[in-house]
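This report describes how one protein chain is packed, moving from its overall make-up to its interior, its surface and a few individual positions. The sequence and the model are shown first.

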Amino acid sequence: MSPNQNYPETTGQDVSHVVSDPVAPSHSKKHGGEIKHDDSGSDTIGTTVVLGANGPMSRLALTTDEEKQKAEEGHAKFHRLGWKRLTIILIVEAIALGSLSLPSAFATLGMVAGVILCVGLGLVAIYTSHIVGQVKLKFPEVSHYADAGRLLFGRAGYEIVGAMFVLQLTFLVGSHCLTGTIAFQTISGGGTCAVVWGVVSAIILLILAIPPTFTELAWLGYIDFGSIVVAIGITMIATGIQATDQPGGMAAVPWSAWPKEGCTLVDAVIAVTNIVFAYSFAITQMSMMAEMHTPTDYVKSIWALGITEIIIYTLTGAIVYSFVGVGVESPALSSAGTLVAKFAYGFGLPVIFISGSINTTVVGRYIHGRVYANSVTRYINTPKGWISWLILITVITVIAFIIAEVIPFFNDLLSLSSALFITGFTFYFPALMWFMLLKEGPWHQGANLYKSIINAAVFVVGVAILIGGTYSSIWDIVRHPLLTHCVLQHLS
């Protein structure tokens with residue numbers, strides 16, 4: 001069926017009560033039923049249907065006054081997000097200590113290419129995020145990126161994109177758990193077993209993911225943003241002092257405007273993908289827009305976020321690289337010395353755990369909403385709703401912890417998943433959305449022509465990064481010391 005197909009309104013009954021889905025905006029098409037009285041004297045309410053692009057997405061039967069009240073409370077609870085809070089939540093999800101890996105990307109690509117890519121890819125990310133927002137507005141029933149997959153490719157697209165969505169976000173939770181472990185070990189001087197710090201990190205991530213709405217998490221965003229700014233600031237100041245105090249001063253720092261000597265294609269692709277992954281906020285955008293009371297305001301949020309990211313990433317990459325040179329480590333705070341790294345990690349703890357917990361909340365909301373699509377439990381304001389929510393986010397956190405701790409080449413695996421999935425969420429899926437869902441009329445007519453060229457270019461860039469990033473990530477995994485040792489041992 002066409003995504004634009006209209007479904008007939010339910011007839012034969014009065015609409016006396018409309019209940020909105022917590023993961024869809026209040027202007028979604030919904031149908032309610034009149035209140036009826038059964039022989040027992042209790043009120044029952046007719047079935048509420050939430051229509052999707054390919055037919056009914058969920059059917060919520062409210063049978064008691066209590067369920068009616070819970071549904072009304074749930075609707076109010078999940079539609080309180082304004083554009084300012086959305087900006088903060090997007091910043092929390094998008095900007096983390098991973099930004100301190102960008103100086104090493106600059107060291108590989110050189111100052112000129114690093115700055116051009118940071119600014120250019122940032123502008124592309126804003127554009128594709130704008131497309132994602134337009135799709136959300138045109139199809140209000142879309143609550144998560146997986147729903148957009150249904151619009152593009154039907155049920156198969158829904159399941160495949162949904163799997164990509166869950167895997168990538170779960171891996172990101174694992175990445176933050178591992179980063180938390182490294183941070184605690186650095187701060188403590190390595191005196192405690194890494195597994196202990198891993199458990200502590202997982203527990204913190206779990207606790208911060210308990211609030212199910214993004215509005216409730218928004219206030220943490222201010223702490224998160226302040227945390228990353230301070231951590232980056234400490235790294236910049238420390239590396240700048242080191243550069244000034246060394247023999248020859250700043251002039252002796254071995255940085256270059258051009259790619260480093262001996263830079264291979266694999267090295268360059270890995271550096272480019274590090275910058276690409278830093279702009280991966282589109283993956284959670286639909287999930288967060290679903291909670292907005294005025295979804296059209298998303299444009300303000302993505303521009304505020306995009307410009308903030310471009311400034312932070314470009315300045316961090318360029319300044320730290322110019323202070324340290326080609327020997328800069330990833331993350332860059334390791335180049336500032338042990339004592340400074342302890343302070344930087346200490347101030348960076350909030351961003352590690354707050355940003356990580358947002359991913360748990362997003363993937364939890366997707367799974368919970370799917371499992372309880374036909375029940376008021378979806379609103380997470382009943383005992384059953386809270387119990388199921390707590391169990392779900394606990395399972396997600398435990399799985400993420402196990403993956404991060406057990407797989408010795410987890411960082412390479414995360415790079416592989418990002419190459420496979422983030423390129424789709426940020427580049428070629430939005431380009432396809434424009435061609436398949438937003439374009440009106442032939443591609444070569446009027447304003448469609450230049451938009452077609454832009455989106456075709458974005459699609460090509462996305463596919464190129466997909467191929468190059470996947471190859472480079474697999475190459476890194478194959479070269480992993482543990483795998484090499486196992487292969488050599490087997491051959492001997």
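The paragraphs below take up the overall make-up, the nonpolar cores, helix 12 and its surroundings, a surface patch, and two loop positions.

The model is predicted. Its secondary structure comes to 15 helices and 5 strands, and buried residues make up 53% of the 492 residues in the protein. Among contacts between residues at least 6 apart in sequence, 78% join residues at least 24 apart. The protein exposes about 20,400 Å², of which carbon and sulfur atoms supply 67%.

The largest nonpolar core holds 121 residues, and within it Tyr-145, Phe-425 and Met-433 touch the most other members. Helix 5, which runs over residues 145–188, gives this core its largest share, namely 17 residues. A second, separate core is made of 5 residues, including Phe-78, Ala-209, Trp-389 and Ile-393. When neighbours within four places in sequence are left aside, Phe-425 is in contact with Tyr-145, Val-161, Met-164, Phe-165, Ala-282, Ile-283 and Pro-430.

Helix 12 has 24 residues and reaches 34 Å from its first C-alpha to its last, which is close to the 34 Å expected at 1.5 Å a residue. Its buried residues are Gly-385, Ser-388, Trp-389, Leu-392, Ile-393, Ile-396, Thr-397, Ala-400, Phe-401, Ile-403 and Ala-404. An α-helix has 3.6 residues a turn, so residues three or four places apart point the same way. The cover over the buried residues of helix 12 includes helix 5, helix 6, helix 11 (338–371) and helix 13 (410–438).

One residue that touches helix 12 is His-368, which is found in helix 11. His-368 counts as buried because its relative accessible area is 3%, under the 20% limit for that class. Not counting residues up to four places away in sequence, His-368 touches Thr-377, Arg-378, Ile-380, Gly-385, Ser-388, Trp-389 and Leu-392. Among these contacts, Gly-385, Ser-388, Trp-389 and Leu-392 are also listed as buried residues of helix 12.

On the surface, Val-195, Val-199, Ile-203, Ile-207, Ile-210, Trp-386 and Leu-390 make a nonpolar patch of about 550 Å². Helix 6 (194–208) and helix 12 (383–406) each supply at least two residues of the patch, and the largest share, 4 residues, comes from helix 6. Val-195 is found in helix 6, and it counts as partly exposed because its relative accessibility is 45%, between the limits of 20% and 50%.

Two loop positions can be set out side by side, each with a partner that is distant in sequence.

| Position | Loop | Relative accessibility | Partner | Sequence separation | C-alpha distance |
|---|---|---|---|---|---|
| Leu-81 | helix 1 (65–77) to helix 2 (83–94) | 0% | Phe-214 | 133 residues | 7.3 Å |
| Gly-98 | helix 2 to helix 3 (102–109) | 47% | Tyr-313 | 215 residues | 9.9 Å |

Leu-81 therefore counts as buried, at 0% relative accessibility, whereas Gly-98, at 47%, counts as partly exposed. Apart from residues up to four places away in sequence, Leu-81 touches Leu-86, Phe-214, Thr-215, Met-288, Glu-291, Met-292 and His-293. Phe-214 is thus a residue that Leu-81 touches, with the two C-alpha atoms 7.3 Å apart.

Conventions:
Residues numbered from 1 in each chain as written. Predicted model: local features only at pLDDT ≥ 70, side-chain atom pairs only at ≥ 80, totals over all residues. Heavy atoms only, no water. Patch = residues over 30% accessible without salt bridge, like charges linked within 9 Å, V, L, I, M, F, W, Y side chains within 5 Å. Areas by Shrake-Rupley, 256 points an atom, 1.4 Å probe, with all protein chains shown as cover. Salt bridge = Lys/Arg side-chain N within 4 Å of Asp/Glu carboxyl O. Buried < 20%, exposed > 50% of the residue type's maximum accessible area, 1.4 Å probe, protein only. Core = buried A, V, L, I, M, F, W, Y, C linked by side-chain atoms within 4.5 Å. Contact = heavy atoms within 4.5 Å. Expected span 1.5 Å × (residues − 1).
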